[in-house]
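Reader: I would like a close look at a single part of this model, told as one connected account. Please give the cut-offs behind each term as you go.

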Amino acid sequence: MTRTPRTATRTTARALLALAVPLTLAAPLVVTASASANDADVIRRGSCTGSTDWKIKAKPDDGRIEVEAEIDSNVNGQTWGWVLRHDGSVAARGSSTTKAPSGSFSVERRLVDATGADAFTFRATNAASGEVCVAKVSL
C-alpha cells in the first residue's frame, strides 16, 4: 500500500484519537474522587419516631472533632429542643427552628478529641408533636 499525505494524516488522526479517548474518559473519575468526603469522616443517617430524618457526621478537625447533626422534617417553622452528648456528658444544648427551603436545621460543634474512641449522641425533640430523633456516631 502506498502512503499518500492524505492516508498519513488519517493514520495520525486515528492514533491521536485512540490516545485522547481514554484520557477523556478518565478525567471525570479524577473530579469525582477529589469531590468525595474525607476517608476520616464518619456519617450516619436514620429516621426519627415520625416522618423526620436525621444525619450526623463526625470528622477530625485540627486536633478537635467537628460534629454536625441535621434534622430534616420537610416542614418549615417547627421548633426542636436538642442535646448533644460527648461520651455521655452534655456538650451542648439548645433549641432550633426548621427553616426554608428544606424544612431542616443543623447544629455544628467542634469538641475536644478525648483519648480513645469518642461517642456522640444527638437527641432532638419536636416541641409540638413530641417526635424524637436520636442520632449516634463514634470516631
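Author: What follows starts from one charged pair and works outward to the sheet, the turns and the core around it. The model is predicted, so local features are described only at pLDDT of at least 70 and side-chain atom pairs only at pLDDT 80 or more, whereas totals for chains, interfaces and linings use all residues. Numbering starts from 1 along each chain as its sequence is written, and side-chain values rest on heavy atoms, with hydrogens and water left out.

A search of the whole structure finds 1 salt bridge, a term that requires a side-chain nitrogen of Lys or Arg within 4 Å of a carboxyl oxygen of Asp or Glu. The side chains that form this salt bridge are those of Arg110 and Asp61, at 2.8 Å from N to O. Because Arg110 lies in strand 6 (residues 104-112) and Asp61 in strand 2, the pair ties together parts that are 49 residues apart in sequence; strands here are DSSP runs of E, at least two residues long, numbered from the N terminus. Arg110 has a relative accessibility of 40% and therefore counts as partly exposed, on a scale where buried is under 20% relative accessible area, exposed is over 50% and partly exposed is in between, with a 1.4 Å probe and protein chains only.

Asp61 belongs to strand 2, which covers residues 53-61. Once neighbours within four places in sequence are set aside, Asp61 is in contact with Glu66 and Arg110, contact being heavy atoms within 4.5 Å. Asp61 also has a bridge partner in strand 3, namely Arg64.

Strand 2 and strand 3 run antiparallel and are joined by 9 bridges, where two strands are said to pair if DSSP finds at least two bridges between them. Both belong to an open sheet of 4 strands, antiparallel in its pairing and ordered 1-2-3-6. Its edge strands, strand 1 (42-47) and strand 6, each pair on one side only. From one strand to the next, the twist averages 15°, taken from axes that are lines fitted to C-alpha atoms, with angles from 0 to 180 degrees between N-to-C directions.

The loops beside strand 3 deserve a careful look. Asp62 is found in the loop between strand 2 and strand 3 and has a positive phi of about 50° although it is not a glycine; with 74% relative accessibility, Asp62 counts as exposed. Asn74, in the loop between strand 3 and strand 4, likewise has a positive phi, of about 65°, without being a glycine, and its relative accessibility of 61% makes it exposed. On the way to strand 6, the loop that follows strand 5 (89-97) contains Pro101, which is joined to Ala100 by a cis peptide bond with omega of about 5°.

Strands 2, 3 and 6 also contribute to the largest nonpolar core, together with strand 4 (79-86), strand 7 (119-126) and strand 8 (132-138), each giving two or more residues. Such a core is a set of buried Ala, Val, Leu, Ile, Met, Phe, Trp, Tyr and Cys residues joined through side-chain atoms within 4.5 Å. This one has 22 residues, and those with the most contacts inside it are Ile56, Val67, Ile71, Trp82 and Phe122. Strand 3 (64-72) supplies the largest share, 4 residues.
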